[in-house]
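Please find below a colleague's note on the structure, set out as numbered points for a reader at the bench.

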Protein chains: 2
Amino acid sequence: MEFHNNFVCPLLTDLYEVSMVYAYWKSGRQNNISAFDLFFRKNPFRGEFTIFAGLSQILKFMETFKVTVEHINFLKQILPNADPEFFIWFKEELKLKDVIVYAPIEGTVVFPREPLLRVEGPLAACQLLETVLLNLVNFPSLVCTNAARYRLLCGPNKQLLEFGLRRAQGPDGAMSASVYSFMGGFDGTSNVLASLTSGIPIYGTHAHAFITSFSGLSDLEQHADEPLGNSSVPFREVCMRNRQALSCEYTNDGELAAFISYALCFPQTFLCLVDTYSTEESGIPNFLVVSLSLVQCGLRPVGVRLDSGDLAYLSKFARTKFKELDEKVISRYLFWLTQKQAVYSFHATQVGIILDDFKFENLKIVASNDLNETTLSSLELQGHAIDCFGIGTNLVTCQSQPALGCVYKMVEIEGSPRIKLSQEIEKVTIPGRKKCYRLFGKERVPLLDLMVHVSEDEPKAGHRVLCRHPFIENKRAFVSPALVASVRLESTCPAYCLCPGHSSARLCLEGRPIQKFYAPLSAVAYSSCNYRTLYEIRQYVQEQLKYFREDILRPVNPTPYKVSLSDDLFTSLHSLWMAASPIADLC
Amino acid sequence: MEFHNNFVCPLLTDLYEVSMVYAYWKSGRQNNISAFDLFFRKNPFRGEFTIFAGLSQILKFMETFKVTVEHINFLKQILPNADPEFFIWFKEELKLKDVIVYAPIEGTVVFPREPLLRVEGPLAACQLLETVLLNLVNFPSLVCTNAARYRLLCGPNKQLLEFGLRRAQGPDGAMSASVYSFMGGFDGTSNVLASLTSGIPIYGTHAHAFITSFSGLSDLEQHADEPLGNSSVPFREVCMRNRQALSCEYTNDGELAAFISYALCFPQTFLCLVDTYSTEESGIPNFLVVSLSLVQCGLRPVGVRLDSGDLAYLSKFARTKFKELDEKVISRYLFWLTQKQAVYSFHATQVGIILDDFKFENLKIVASNDLNETTLSSLELQGHAIDCFGIGTNLVTCQSQPALGCVYKMVEIEGSPRIKLSQEIEKVTIPGRKKCYRLFGKERVPLLDLMVHVSEDEPKAGHRVLCRHPFIENKRAFVSPALVASVRLESTCPAYCLCPGHSSARLCLEGRPIQKFYAPLSAVAYSSCNYRTLYEIRQYVQEQLKYFREDILRPVNPTPYKVSLSDDLFTSLHSLWMAASPIADLC
């Protein structure tokens, strides 16, 4: 099964695209050569960077683009007055073979106004694609950026898992969230189907229902009377002895039964949800009883999951209890106890071996329960003992900003640049077909991004270039970049790819243009470089983020990264702007 | 093409469901008879009601539930240590034929803690369904509720259109948003595919790109030189004369060309986006030039769309200009002008006929541009002249709360009720299998909802019943409902359906139990009543909302609606709670 949504088809579009296609066709302009930019105006989450994602889905869609008879019949229904010839043309001649998409490599760090896609080709085809391309870029980029922010916040050493399937906006919202949060830096998901379709590592244990399905120890079935691991004593018996030894008689019996049953099923991956009744009074003690029993059978328990309550306090509480158990075990008190009772088959030395490289202290503590950037920052401030965060709702629905406001604007037609004005200055588009470069300083830190017209020369390392603010005339700077890689836009040369193990990977990351050429879809030019694995893209995201200044990446009040225009582009923008603006006549 | 997402399959689930299914199977408990409630704890959007949606998708999924060889092969990969017999059982014997789902009719107004689904049957099957059922209820109910709130806010006479495809969370997020916002009270969508799959009315005109694709009047193609409607004069010529007559020579030429071209393609549905260059100085004047020309050709223009700027001001500005044109036309000034120039073929009487039942004043004003509840309320306060709102991002991503926090909790197993405690009191579940009734007062206004255990008698009209707050002992009330319809839970009797045109529809709405029985999936008992059309459900939503007190439905600081327990259920909840709570041992 593939990661591909069945709704993605030519009619996943707004009616007005179809109306416009009709109007273009009706006036004979359907094949006019046009260029559209897909871009956003503002970084999400009050941040100052965005990760571009969704490209491989777009390329798949474009490759398999097909208008069916069902589509045509429906169009006839909704455009009852249209010329019948139109539908024949739509079915037979509206193809994407002449459409070219320029885009950054998937996973590239991008900024406002930079074209995430530049779509060039016949007017009608490029127009029809608007809505579906926006849909396919918007959410993947948003959730990938969200995930990257969590990764920056938690640092490289915490494990981050996506747990959002149940709360996502529909099945596809969930699948996209799993894939693109992994791309943005998460370590895995709970979503089985996302793992099947996209090879993402998968994690999960049990829910409260599993615990509440046991009301007492009498609910334990036969298999509890079988021994486990290298022990020959029934596992239930081992646990009962340890319950007594650890003075845990007052914990919830159903919960203990559930843990025992779970240990019997998953002796290698024993991780328990401990908050069903009371984390402190029941969950942690029961968990330790069963964990100690596993260790005594030569097995290694994994850890606990906290899903409610004060996570800072409870995680520290759990860690303390883990350490205390180590101390008890080391003091041989328990070992002595168990020997005395003579119920274990293994030798003292075996216990010794296990204890040498197993410590309860190192058990994993997983936390979930409506985590978001604010609660994670607060946990950091309070101090906590959590090793792994399971993040659901806030990650997958991008709660603090659930949509990236991408737009798709015409920038050129038949060689002539076009502008879209607006009452709101930030809605004015930058006309013309543009290339975009990232200029690096001496420390190989990105200084700014520069857009130039496709006809202009590329900026060169060591050569001074004037960079201008798009709208504020007196905001400008000379930049002499230390690094700008040679630009070969018309190529899919591997030098522009970050393939792990590829010797030029470093060079590419530091200096390549962020706009990357994608060959006409009809051509064979799709090199394997265009499709990189999810794992490669994920690594690419993390490597890029290392280069940016921290103040640009920080979660709260970050510094904006500059996106500037060449002097030519600035002049062209402003002269078009003046020409297109009607002069108000106040009276 | 059907409205059905290809990702909806048995493995669209969290790994922990599979782990638990394995643990149940391993301990021989997979067929224990269990019951789970799916419910939410808090109404969304700081509101006090929710619309239940997603049921037909759930029933479709359950009917077509099929574990494939690919699924099994993947499960073997992710559970490498599991007993091989498990996979045979999973493929061959894990069926839904014995699973029964109780649910309210789709579109029912529901409240916190009420079971939206009660799922009964073999433990393993019921457990496996958890995640996918949550996913399928969560977003549909959320977006349907969001739409219903917009409808309440705007009243029944404004047209509300869903324009969110491009900003939705993935293709399925978009499709769901189109369907469920229509269910909640919207009038249509821009999404072509949603209209194809679900029959929703579709709307749309053109984008800024269409306007900017014209740079001047010379871009008008041949067909502008053809006459339109009942005129024999080239349409371009008619427009040019009117441009002069209305003194609009300074407007943007490209925009005027675009409007003329669009009118030629869509003479019956002429609605223009007027903010590309300047709504006041160019868009509205150009629109009026072309509109007047259409009218003079015997056609009826439709209106304008505003997509930026001050919508209150601009809509009033537009309305004023529309009225002014009526006055000019009535004063016959323009009529005289056109006659004098002798370019029109039609007679004075024809113009008279058109003017008799067409007024520019009544042209439709559509507004879009990031509308949400706050901006709509603000528009109402300022006064505006908008007839139709196109709502995108805020509607489809449910920006102010992008997830409904539904949960799925075990409430009974093998006849014995189960509770899930929590450090947080609102996370404690209400144990046991429950029925839920809506009790109406004398004015046929819903007083409160009452949950009773399935074994209890139903409340009866005119009989006093004690209703208790679930957690606060001294909060209770006697209620003597004026109306409680007779309850036949084990039936799919049409008396419980709101089928438009059905004579008992009124009665059903007023008195039926909100829990409705859905037959075992294997049975033939699926009456047509279980699947109602989207249009019927949409009407059902609006009819119910009429009955609730306004203060419960209002958008800001609404009054909570009471959901109470029978005395028996209260007692059972609290005795289980005490029994399951471990006593802390402070020291």
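The points that follow treat one strand and its neighbours in each chain, then a recorded domain, then the contact between the chains.

1. The model is predicted, and the remarks below should be read accordingly.

2. Strand 11 of chain A covers residues 388–391, and its four residues are all buried. Cys388(A) and Gly390(A) point one way from this strand, whereas Phe389(A) and Ile391(A) point the other way.

3. Which strands of chain A pair with strand 11? Strand 6 (residues 159–162) of chain A does so in the parallel sense, over four bridges. Within this pairing, Leu161(A) stands opposite Gly390(A). Strand 10 (residues 364–367) of chain A also runs parallel to strand 11 of chain A and is joined to it by two bridges. Here Val366(A) has Cys388(A) as its bridge partner. Between strand 10 and strand 11 of chain A the chain passes through helix 16 (residues 373–382), and the resulting β-α-β crossover is right-handed.

4. In chain B, strand 11 likewise spans residues 388–391, with all four residues buried. Cys388(B) and Gly390(B) point one way, and Phe389(B) and Ile391(B) the other.

5. The neighbours of strand 11 in chain B can be described through Phe389(B). On the side of strand 6 (residues 159–162) of chain B, the pairing is parallel and extends over four bridges, and Leu160(B) is the bridge partner of Phe389(B). Strand 10 (residues 364–367) of chain B is parallel to strand 11 of chain B, with two bridges between them; Ala367(B) stands opposite Phe389(B). The chain reaches strand 11 of chain B from strand 10 by way of helix 16 (residues 373–382), in a right-handed β-α-β crossover.

6. An unreviewed UniProt entry lists residues 433–483 and 528–571 of chain A under "domain: Nicotinate phosphoribosyltransferase C-terminal". In the model, residues 433–483 of chain A are 0% helix and 45% strand. The C-alpha atoms at the ends of this segment are 24 Å apart.

7. How many residues does each chain bring to the contact between chain A and chain B? Chain A supplies 102 residues and chain B supplies 101 residues. On the side of chain A that touches chain B, helix 1 (residues 15–26) of chain A gives the most, with eight residues. By residue class, that side of chain A comprises 44 nonpolar, 43 polar and 15 charged residues.

Note on methods:
Residues numbered from 1 in each chain as written. Chains lettered and ligands numbered in written order. Predicted model: local features only at pLDDT ≥ 70, side-chain atom pairs only at ≥ 80, totals over all residues. Buried ≥ 20, exposed ≤ 12 C-beta atoms within 10 Å, placed from the backbone. Pairing = 2+ DSSP bridges. Right-handed = clockwise from strand over helix to strand, strands pointing away. UniProt positions renumbered as here; feature names shortened; annotations may be inferred. Contact = placed C-beta atoms within 7 Å. Nonpolar A, V, L, I, M, F, W, Y, C, P; charged D, E, K, R; others polar.
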